[in-house]
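Let's look at how a protein and its DNA meet in this model. Have the coordinates open while you read.

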There are 2 protein chains.
Amino acid sequence: MKEGPDIAHVAALIGDPARANMLTALMSGKALTVSELAEEAGVTIQTASSHLSKLDGGGLLRPRKQGRHKYFSLANDDVAHVLEGLMGLAAGSGRLRKRTGPKDAALRQARVCYNHLAGDMGTQMFDSLIAQGHLSLDGDDLNLTRSGQAFVTELGIDLAELRKNKSPLCRECLDWSERRSHLAGSLGRAFLSRFEGLSWARRDQKTRVISFSANGTTEFERLFSVG
Amino acid sequence: MKEGPDIAHVAALIGDPARANMLTALMSGKALTVSELAEEAGVTIQTASSHLSKLDGGGLLRPRKQGRHKYFSLANDDVAHVLEGLMGLAAGSGRLRKRTGPKDAALRQARVCYNHLAGDMGTQMFDSLIAQGHLSLDGDDLNLTRSGQAFVTELGIDLAELRKNKSPLCRECLDWSERRSHLAGSLGRAFLSRFEGLSWARRDQKTRVISFSANGTTEFERLFSVG
DNA sequence: TTCATAGTTCGACCTTAATCGAAGCATTCG
DNA sequence: CGAATGCTTCGATTAAGGTCGAACTATGAA
């Protein structure tokens, strides 16, 4: 009857509260087990199992079996991107699930979005990389320039290793709180991982909040000042 | 219980087949009446009315009353953006509602996406504008450069008029068939409108397909060659 | 092997919401 | 003022699917 793909099915998958909670939890980038996701969603394990098989069937998840555990993560960046978009719409229509509190402020400043840095600091880093000419945007392709390659290598990131990964190196991801782009893709993940390795930042396991140390903040500002 | 906005509610709104059909129909950018949308969705007018009030309540639509008609259009570009993203996910998981046929090929080449040009020609135009330096991307802000201003004025687009509009001038929109960006925002709409004014292109009323005339194709290639 | 833990499948219950007929407003036209 | 058209509201029906208890499978540990 209509042209185009069947939106309704995918949207309905995300539209159930329990499943939405699971997907939101997976936005942290971590792979979680069925039991953990059941806990997150506030349902029993049977119910969670049923939901997860549906999400998987819809192509939204990537399952991995390890021993007697089964880990789920988001299928790819596209899924994370759509979820962020939906968060933006929900936030825009004044539908925040929680009052804006101190934790919320922390979330807006720096949080994990599918394993990369999001929030205010995420967009600041992205803008700075563009402004310094380390990233260039041609069409939808985000590319690391020669100066950018030097920059990340200087920071201690192994580019050759990253390129072995089949997923794209650079990618932009729209932030629901800032409504601006931040850096995703394997390089985005490498940045955050490096910040952790340098003890500049630390992830809170439950809330997606990223805390920067005093030193980390200084270094971050030095590298990614917008002035 | 969880941080972040309430995704589930918005997704559930899109997740109903009838509502998804209506939203898909509105992706053409046209404002449609309740009766027309009922027809599109294949439900009675009462049912459509109920759905539309829900979509409106969720902030997805912008209603306008005109005489005894009530017109609905998508609330803003963000909504269109999320819908395109969902189409991408659905298409990716092999969930096309329709076999790939001749009309489908036409859709991939050039179609209307919320009043601007999408499909292969849409992304080609976007890439060309970037490559020619008429558009520049700083962070998530897409800007028209000085040369770009000259370019569109030369084409016969009234920039001053566009700037009066409160919606953003330039904006990128992700294409579900191409998986690349094309130009949205009021300038994107102006381009398509100008193509129609010059009789280069013509919209099919029902299928979202845009047909370019022989002359229009030539002119388009001249302006937006990628070489 | 026996026990424990992780996950899946099955079946029954039950809430939610999509649907449409019928009646009620509102607006336009003659 | 009717009459017609476009849309909304109400109510009853019905279908879909989320939920969990219980039983079952699989992996790992003692």
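A polar contact here is a pair of N or O atoms within 3.5 Å; within protein, one must be able to donate a hydrogen and the other to accept it, and residues adjacent in sequence count only if both atoms are side-chain atoms. This is a predicted model, where local features need pLDDT of at least 70 and side-chain atom pairs count only at pLDDT 80 or more, while totals for chains, interfaces and linings use all residues. Residues are numbered from 1 along each chain as written, chains are lettered from A and ligands numbered from 1 in the order written, and side-chain values use heavy atoms, without hydrogens and water.

Here are some polar contacts to browse:

| Residue | DNA atom | Distance |
|---|---|---|
| Thr44(A), polar backbone atom | phosphate oxygen, strand D | 3.2 Å |
| Gln46(A), side-chain N or O | base nitrogen, strand D | 2.5 Å |
| Ser49(B), polar side-chain atom | phosphate oxygen, strand D | 2.5 Å |
| Arg68(A), side-chain N or O | base oxygen, strand C | 3.3 Å |
| Thr44(B), polar backbone atom | phosphate oxygen, strand C | 3.2 Å |

Around DNA strand D there are 20 residues, counted as near if a heavy atom lies within 4 Å of the strand. Gln46(A) and Ser49(B) are among those that come nearest to strand D. Of the strand D atoms within 4 Å of the protein, 72% belong to sugar or phosphate and the rest to bases. H4(A) supplies the largest share of this surface, four residues.

DNA strand C is surrounded by 20 residues, with Ser35(A) and His51(B) among the closest. H4(B) gives the most to the surface near strand C, with four residues. Helices are DSSP runs of H or I, at least four residues long, and are numbered from the N terminus.

Technical notes: Helices (H or I, at least four residues) and strands (E, at least two) are DSSP runs, numbered from the N terminus.
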